[in-house]
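Hi,

Here is the structure I promised to pass on. Please have it open while you read the notes below it.

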Amino acid sequence: MNTRQSSWWSLLKRDLYRSRHYYVLMAPFMLIFFMFTVIPVGISLGLSFFHFNMLELPRFVGWQNYSRLFLNDDVFLIALKNTLLFAVITGPVSYIACFLFAWIINELSPKIRAIMTLVFYAPSISGNVFFIWLIVFSGDSYGYMNGFLMRLGVILEPIQWLSNEKYVLAIVIIVQLWLSLGTSFLAFIAGLQTIDRSLVEAGTVDGIKNRWQELWYITLPSMRPQLMFGAVMQITASFAVAEISIALAGFPSVNYAAHTVVTHLMDFGTIRFEMGYASAIATVLFVLMLGTNVLTQKMLRKIGE
Amino acid sequence: MTSKVRAVFGMPRRLNRSFTVSLMLFALLGLFGSFMVLPLIYTINNAFKPLDELFIFPPRFWVNNPTMENFADLINLMGNSWVPLSRYIANTLLITLLGTAGHILLASAAAYPLAKYRFPGSNVLFTIVILSLMFSPHVTAIPNYMVMSWLGWINTHASIIVPSLAFSLGLFLMKQFMEQIPDALLEAAKIDGANEYRIFWSIVMPNVKPAWLTLMILQFPALWGTDGGSFIYSENLKTLHYALSQIIQGGIARAGVGAAVALLLMIVPITLFIISQSSVMQTMATSGMKE
């Protein structure tokens, strides 16, 4: 027993010594990564069980933050409902849109393909250009949407698009979709180009008749790695909607109509300094993202079966 | 007829393709493509509109009498501002260049052992990197602020540059790309007496140049668009993006200048993407992104 333990230990020691250069190479990245990502997540998980306002010492309160969140915080429930709505609509729609557009673009000749890729990818890298939507949906008759609808005679006076509960959430969703063809879209386009043409030819011999069968039995299964990667990126983005909501609908939005879990988190974290409570919100968000990711990955494994 | 349209679209002949469906799909692409691109074209048009056209009713999309007036006004305005424009530009360049170059270097150095070797802890570390892809930075915003203030980095550029060096998506893509480098190449270098650092620097790094561009195209727009967030308060440490977005928010009096600014902010990341497009695609494709 003792010798086995010591030999296990000496084996590990030898392994560690042998790999010392690898640890040196990884050290700078990992140090910063742990410092600014892993440790903050750990702190956040821990703080969610405390009452902490940055002035007094943290006080342990157990599950109290969570029970307050779900039982006594109506605004959180609105935020949760909106966030789930975003996740259910923008998540799948943006994911499918990324794939669909990548798939159609892939059929074009290389030059047009490059142009179309740029057209679809540009919104997500052009920074804060989404403020254009503020002009489009501006509440006076100078707003493009109002001007357009008034000229058509659909409406007689301007609509306050961004301060009307009825419209604001839908507008944020549209703009979010407009911005959502990012990294996963690029990964899909690139993945489509590497599919082995001989697979398609073999498939034709085996009786594949149209592009839809080709898509299901050949294209999608060959792209499974990119599809997994894209799912992670799109899910994370659709759960984390906040900047667009703040930029378009204001903070807080009218009657919290465009309030999301992240804006709720910002409210408690950066305005009210209730760090423990904000950390509980962050933890709920993290659990939601992780759960959705696991579910989605399971579903994606079934493709082409 | 069919072949003519095919030539216009530049469609290669493919198996299993119905022409009608193709046409419908391309129509769909065109429709949504114009939805995507209209705001960008509008931004370009707006930047060249004289003031009276900006406030015309009903609003017009296209510019009638293009003018450079807005850009001239912008230069004037920046010349009179309290902190000189060059200061903002220098800050932005410092953040963007250090942040991007440092990220590429550090992510590559960390990715090389993870891609090519098994050693105690390698699986755990990579799993943590994958997990961290799954949450938004908002989850860590508050503890991050606490860490920054312990380090005394509030109101310094380090608070923006240093965290951006270790961005887990970059490590992930770089690792997947490095897995494609043939082991024989590394073995040969080892037999020739090169140590791990030497192999990394003279063999691995030159081989992953297209992947550098990919990391750059992901990192650059993020840093270019940063306004200092919640970490930087001093006016003379702020970025160009912050200064320019202040102008955009300036209201009616500065609408023309705002339009010019919007174009400037947009054009830089897009130009970078156009230049590097083909290499970026290549990396995204070959970096198998294995499960």
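Below are the notes on cores, one polar contact and one pocket.

This is a predicted model: local features need pLDDT of at least 70, side-chain atom pairs count only at pLDDT 80 or more, and totals for chains, interfaces and linings use all residues. Residues are numbered from 1 along each chain as written, chains are lettered from A in the order written, and side-chain values use heavy atoms, without hydrogens or water.

Cores. The largest nonpolar core (buried Ala, Val, Leu, Ile, Met, Phe, Trp, Tyr and Cys joined through side-chain atoms within 4.5 Å; buried is under 20% relative accessible area, exposed over 50%, partly exposed in between, 1.4 Å probe, protein chains only) has 151 residues. Helix α14 (residues 255-286) of chain B gives the largest share, 14 residues. Helices are DSSP runs of H or I, at least four residues, numbered from the N terminus. A:F120 is among the residues with the most contacts inside this core. Its contacts (heavy atoms within 4.5 Å) include A:F185, B:L29 and B:M36.

Polar contact. B:D183 lies in helix α10 (residues 183-191) of chain B. B:D183 counts as partly exposed because its relative accessibility is 46%. Its side chain makes a polar contact of 3.1 Å with that of B:K116 (N or O atoms within 3.5 Å, one able to donate a hydrogen and the other to accept it; residues adjacent in sequence count only if both atoms are side-chain atoms). The two are 67 residues apart along the chain, with C-alpha atoms separated by 7.9 Å.

Pocket. The second largest pocket (1 Å grid over protein atoms alone; an open set with protein on both sides within 12 Å along at least five of seven lines; lining residues have an atom within 4 Å of a point) is lined by 25 residues. α4(A) gives the largest share, ten residues.

Best wishes

Definitions and conventions:
Helix = DSSP H or I, 4+ residues; strand = E, 2+ residues; numbered from the N terminus. 1 Å grid on protein atoms, 1.4 Å probe; cavity = no way out; pocket = protein on both sides within 12 Å on 5 of 7 lines; lining within 4 Å. Lists of a residue's contacts leave out its neighbours within four places in sequence.
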